[in-house]
Amino acid sequence: MQFGGKLDLTRGVANVEGAGGGGLSTWALITGNETRDGVGGQVYGTYVGLSDYSLNEFGGGVGLFDRGEISLSRQTFDTGATGAKLGLGKNFAFDQTVVGAKLRLFGDAVYAQDSWMPQVAAGLQYKMNDRTAIIHAVGGKDDTGVDYYVAATKILLDQSLVLNGTLRETRANQFGFLGFGGDRNSGYSTQFEGSAGYLVSRRLLVGAEYRTKPDNLGFAHENSAYDLLAAFAITHSLSATAAYVNLGDIATFRNQRGFYISLQAGF
Amino acid sequence: MMMRTALLAAAALLIAAPAFAEEQPVKPYVQSDANAGTKPIAGDAVFKALHGQEGIGRIVDDLIASLRTDPVTADIFKASDFERLRRTLIEDFCYVSGGPCHYTGMDMKTAHQHMGLQDIHFNALVQHLEDAMNKEGVPFRDQARLLAKFAPMRTPVVDASQN
Ligand code: HEM
């Protein structure tokens with residue numbers, strides 16, 4: 001079995017759901033350093049410090065023949081001191097496990113520089129949250145949910161640009177930390193993720209992302225999220241993402257922004 | 001003493017040999033710029049960023065040296081005609097980057113026939129080329145414009161090298 005061989009940064013970095021992507025959004029790139037002739041993978045850890053909460057994650061993914069990807073992510077949304085104000089208790093945390101699968105369908109983001117056709121992939125993310133009672137108390141319907149998405153990614157090398165657009169069918173409230181479906185809307189809605197990046201060098205991408213989210217719960221509005229990010233390939237196998245994120249209001253606490261830091265090791 | 005002098009002379013000849021090496025004959029083919037497999041970049045900004053013919057010469061020398069030592073690619077170049085490869089690669093880069101050159105080598109498919117190349121080889125070449133251009137001080141934006149021309153050659157180079 002062959003390992004390695006992928007060009008720097010073309011495996012993407014680990015996004016907030018543990019999939020190959022940017023920071024907030026899931027891309028069509030396949031994780032791992034493998035080419036179409038081998039297998040690869042990536043492990044990662046992410047910390048997001050927000051105005052009134054924090055989020056930490058770790059996980060990993062396996063890339064198969066640059067064609068498919070399976071990922072697993074364990075996430076803790078920590079309410080810290082805010083937990084007491086919410087009546088949940090200090091340092092109350094929501095834990096979530098996300099299992100993801102992605103299949104590349106057609107197109108090529110990297111090599112087909114003579115065509116506009118992006119690389120297109122479809123996938124799903126199965127999310128399991130452990131706080132059933134709280135989710136029901138705030139109007140959430142379920143503690144598990146599945147997101148379905150189609151992502152299109154293109155590197156425009158002659159412009160040094162990386163572009164991505166993703167459509168997601170989801171019921172998730174705050175990425176799933178507040179459950180799935182709600183008293184205001186319990187069904188699926190279509191959400192959009194867009195990313196645009198500029199390749200400063202073969203190792204450094206700077207860009208911005210925008211992600212819309214459902215607004216299913218009556219007790220608190222949910223807003224779109226955005227980030228300004230830099231992804232850096234420290235070595236061929238080690239990469240880091242640093243971003244400024246704004247996730248909007250979360251559970252009545254306004255304007256949650258802060259720093260997103262993620263480290264990934266790929267093979 | 002005689003013996004030592006003779007040995008030294010022989011060694012000197014061996015060392016000097018590559019400078020006098022001539023290109024090996026190849027199977028006849030039709031020469032055409034179209035063999036480069038892509039239209040040149042409009043304008044000569046990228047050619048200038050590569051520091052013209054001389055810069056391209058340094059980049060190609062560095063690229064060939066890296067490909068010959070990288071364990072991923074070394075075996076593929078074991079029996080190569082480096083005189084010819086150097087000349088045709090310089091022509092190729094000069095022509096594609098918008099310089100005042102003609103490409104006189106074979107088309108990409110014929111040049112890489114039967115080599116059984118994989119993406120891992122292609123990507124190794126791309127990275128050595130990037131390293132060589134970095135050493136030459138070529139800005140990344142210009143590197144990327146040249147690489148955008150070479151990236152689609154994965155099809156005639158890698159895919160077509162299987163048969
Ligand atoms: C964009 C990618 C590539 C370009 C533009 C390119 C260009 C060329 C050119 C212009 C020649 C000379 C053709 C002639 O003799 O008329 C050549 C030959 C050759 N190329 Fe490539 N090449 C590419 C990729 C590769 C890769 C990935 C490998 C393997 C790692 C490779 C290995 C060779 C070898 C072994 C020869 C023959 C040298 C000899 O035996 O004399 N090439 N290539």
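Which residue is the only protein donor of the iron atom of the ligand? The donor is B:His112, through its NE2 atom, at 2.0 Å. The model is predicted, and the points below cover the iron site, the helices of chain B, the disulfide and a surface patch on chain A.

**Iron site**
- B:His112 NE2 stands 2.0 Å from the iron atom of the ligand, and no other protein donor is found for this iron.
- In chain B, B:His112 belongs to the loop that runs between helix H5 (108-111) and helix H6.

**Chain B overall**
- Chain B contains eight helices and zero strands.
- Read from the N terminus, the order of its elements is α-α-α-α-α-α-α-α.
- Chain B has 163 residues, of which 47% count as buried.

**Helix H6 of chain B**
- The helix that follows the loop of B:His112 is H6, which covers residues 119-135 and has 17 residues.
- From its first C-alpha to its last, H6 of chain B reaches 24 Å, close to the 24 Å expected at 1.5 Å a residue.
- H6 of chain B is mostly covered, with 13 of its 17 residues buried.
- B:Gly137, just after H6 of chain B, takes a positive phi of about 75 degrees.

**Disulfide**
- Over all chains, the structure holds one disulfide.
- The disulfide links B:Cys94 and B:Cys101, with an S to S distance of 1.8 Å.
- The torsion about the S-S bond of B:Cys94 and B:Cys101 is about 75 degrees, and therefore the disulfide is right-handed.
- B:Cys94 has a relative accessible area of 0% and is buried.
- B:Cys101 also counts as buried, because its relative accessibility is 11% and the cut-off for buried is under 20%.

**Nonpolar patch on chain A**
- Seven residues of chain A, namely A:Met1, A:Phe3, A:Val62, A:Leu64, A:Phe65, A:Ile70 and A:Phe267, make a nonpolar surface patch of about 710 Å².
- One of the patch residues, A:Phe267, sits in the segment after strand S14 (257-266) of chain A.
- A:Phe267 has a relative accessible area of 48%, so this residue is partly exposed; exposed would require over 50%.

Definitions and conventions:
Residues are numbered from 1 along each chain as its sequence is written. Chains are lettered from A and ligands numbered from 1 in the order in which they are written. This is a predicted model: local features need pLDDT of at least 70, side-chain atom pairs count only at pLDDT 80 or more; totals for chains, interfaces and linings use all residues. Side-chain values use heavy atoms; hydrogens and water are left out. Patches are made of residues with over 30% relative accessible area and no salt bridge: like charges are joined within 9 Å, nonpolar side chains (Val, Leu, Ile, Met, Phe, Trp, Tyr) within 5 Å. Accessible areas come from the Shrake-Rupley method with a 1.4 Å probe; for residues, only the protein chains shown count as cover. A salt bridge is a side-chain nitrogen of Lys or Arg within 4 Å of a carboxyl oxygen of Asp or Glu. Helices (H or I, at least four residues) and strands (E, at least two) are DSSP runs, numbered from the N terminus. Buried means under 20% relative accessible area, exposed over 50%, partly exposed in between (1.4 Å probe, protein chains only). The expected span of a helix is 1.5 Å times one less than its number of residues. Donors are N, O and S atoms within 2.8 Å of the metal (3.2 Å for Na, K and Ca); water is not among the atoms, so sites may look incomplete. A disulfide is a pair of cysteine sulfur atoms within 2.5 Å.
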